[in-house]
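Here is a short structural report. It covers aromatic pairs, overall build, backbone outliers and a few contact sets.

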Amino acid sequence: MIEATSKRIRVDDVELHVLTEGSGPPILVPTGCGIEFYRRTFSRRLLDAHTFVYVEMRGTGASTGSPEGATYATLADDLDAAREKLGIDRAVVMGHSNHGGIALEFGLRHREHAAAVVSVASVPDFSRAMSVGIARWEAEASAPRKELLARNQAELGALDTSTMDPDELTLRRYLALHPLVWNDPALDAGALWGGVPKGFALYMQSVIRPEAERWSLVPSLGEMACPVLALCGRYDYVCPVELWAEAIDAVPRGVLDIFERSGHNPQYEESARFDAVLLAFLRALA
């Protein structure tokens with residue numbers, strides 16, 4: 001049994017909660033949507049080879065402060081400050097979904113401390129993600145999958161949300177998007193969250209939604225000095241693979257690997273192959 005250790009690190013005017021588990025070289029994993037989902041979706045086998053260092057962004061989970069006014073760039077600066085306080089010289093940063101934006105910003109803004117960036121089910125251009133993903137969904141999704149999405153949205157709309165905790169409502173809204181996120185329509189995704197992430201609603205409102213309208217790192221990808229591994233699910237309609245497919249050649253040391261039986265979480269839906277690809281990439285760094 002690999003025991004997890006927990007601490008808080010002072011960064012400017014906030015304390016960032018850090019949970020560490022595993023053995024071997026560290027991987028920094030930023031999260032603003034709770035740690036438990038990642039502990040349940042990333043394979044425990046990875047902990048035999050690497051130490052996962054989960055850093056909760058300001059105002060989320062057990063971290064103090066507020067995410068209001070934060071951007072992927074400023075959160076990357078927070079992550080680098082945590083790296084320094086943890087005594088890590090050069091770090092692999094792995095970001096899933098919106099946190100992939102933080103990981104890429106880290107690679108650009110703190111290149112002397114970036115050993116590599118791993119972008120999991122993320123994109124280099126969030127300003128186009130939803131429009132590109134929905135266009136492909138409309139063109140290729142089956143009638144049963146579209147019916148499931150419509151049914152989920154109707155059930156969500158029928159809920160009395162007047163007294164519901166904002167974090168719970170945000171999680172329910174996300175779970176209702178299941179057919180856009182998971183390749184397996186029958187999977188019980190709710191069980192993977194292990195509860196409602198604290199600060200989820202404000203993080204969604206203050207960071208994810210604003211950055212989804214404006215954030216793109218495509219013009220700067222040629223300046224990325226460290227290796228970048230993009231791991232994308234073919235049936236991810238919220239962070240569509242097309243955006244990495246058309247941009248990966250701009251990254252001097254970029255590699256794209258597509259998971260043909262996955263949606264937004266290839267680390268879970270194709271865990272064995274995900275582990276093999278990730279570990280091979282990390283071994284090559286050494």
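Rings of Phe, Tyr and Trp (its six-membered ring) pair if their centres lie within 6.5 Å; planes under 30 degrees apart count as stacked, over 60 as edge-to-face and the rest as tilted. One aromatic cluster consists of F37, Y38, F42, F52, Y54, Y174, W193, F200, F259 and F274.

This is a predicted model: local features need pLDDT of at least 70, side-chain atom pairs count only at pLDDT 80 or more, and totals for chains, interfaces and linings use all residues. Residues are numbered from 1 along each chain as its sequence is written, and side-chain values use heavy atoms, with hydrogens and water left out.

## Overall build

The chain has 11 helices and 8 strands. These are DSSP runs numbered from the N terminus: helices are H or I with at least four residues, strands are E with at least two. The C-alpha trace spans about 50 × 40 × 40 Å along its principal axes.

Does the radius of gyration point to what kind of globule? Put plainly, the chain has 18 Å, and a compact globule of 286 residues would have a radius near 19 Å, so the two agree. The radius is taken over C-alpha atoms, and the globule rule is 2.2 Å times the number of residues to the power 0.38.

Buried residues make up 56% of the 286 residues. Buried means under 20% relative accessible area, exposed over 50%, and partly exposed in between (1.4 Å probe, protein chains only). The chain exposes about 12,000 Å², and carbon and sulfur atoms supply 51% of it. Those areas come from the Shrake-Rupley method with a 1.4 Å probe; for residues, only the protein chains shown count as cover.

Contact means heavy atoms within 4.5 Å. Among contacts between residues at least 6 apart in sequence, 75% join residues at least 24 apart.

There are 28 positive and 39 negative side chains, and the centres of the two sets lie 2 Å apart. Lys and Arg count as positive, Asp and Glu as negative; His and the chain ends are not counted. Each charge is placed at NZ of Lys, CZ of Arg, CG of Asp or CD of Glu.

## Aromatic pairs

The ring rule gives 14 aromatic pairs. F42 and F274 are one of them: the planes meet at 45° and the centres are 6.0 Å apart, so the pair is tilted. F42 sits in the loop between helix 1 (36-41) and strand 4 (51-56), and F274 in helix 11 (residues 271-285), so the pair ties together parts 232 residues apart in sequence. F42 counts as buried at 4% relative accessibility. F274 is buried too, at 0%.

A further pair joins F126 and W215. Their ring centres lie 5.7 Å apart with planes at 50°, so the pair is tilted. F126 is in the loop between strand 6 (114-120) and helix 4 (129-140), W215 in the loop between helix 8 (200-214) and strand 7 (228-233), so parts 89 residues apart in sequence are tied together. F126 is buried at 8%, and W215 is buried at 5%.F126 also touches residues beyond its sequence neighbours. Leaving aside those within four places, its contacts are Y72, S97, N98, G101, E211, A212, W215 and C239. L47 is 79 residues from F126 in sequence, and their C-alpha atoms are 30 Å apart.

## Backbone outliers

Most residues other than glycine have a negative phi. Which phi does D12 have, positive or negative? D12 has a positive phi of about 55°, although it is not a glycine. D12 lies in the loop between strand 1 (5-11) and strand 2 (14-22). D12 is exposed, at 66% relative accessible area.

S97 has a positive phi of about 60° and is not a glycine either. S97 is found in the loop between strand 5 (91-96) and helix 3 (99-109). At 14% relative accessibility, S97 counts as buried. S97 is also among the contacts of F126.

## Two more contact sets

R90 lies in the loop between helix 2 (72-86) and strand 5. R90 is partly exposed, with a relative accessible area of 46%. Not counting residues up to four places away in sequence, R90 touches E112, H113, A114 and A115.

D257 lies in strand 8 (residues 254-259). With the same sequence neighbours left out, D257 touches A230, L231, C232, R273 and V277.

C-alpha separations for these two residues are listed here.

| Residues | Sequence separation | C-alpha distance |
|---|---|---|
| R90 and G254 | 164 residues | 18 Å |
| D257 and L278 | 21 residues | 9.8 Å |
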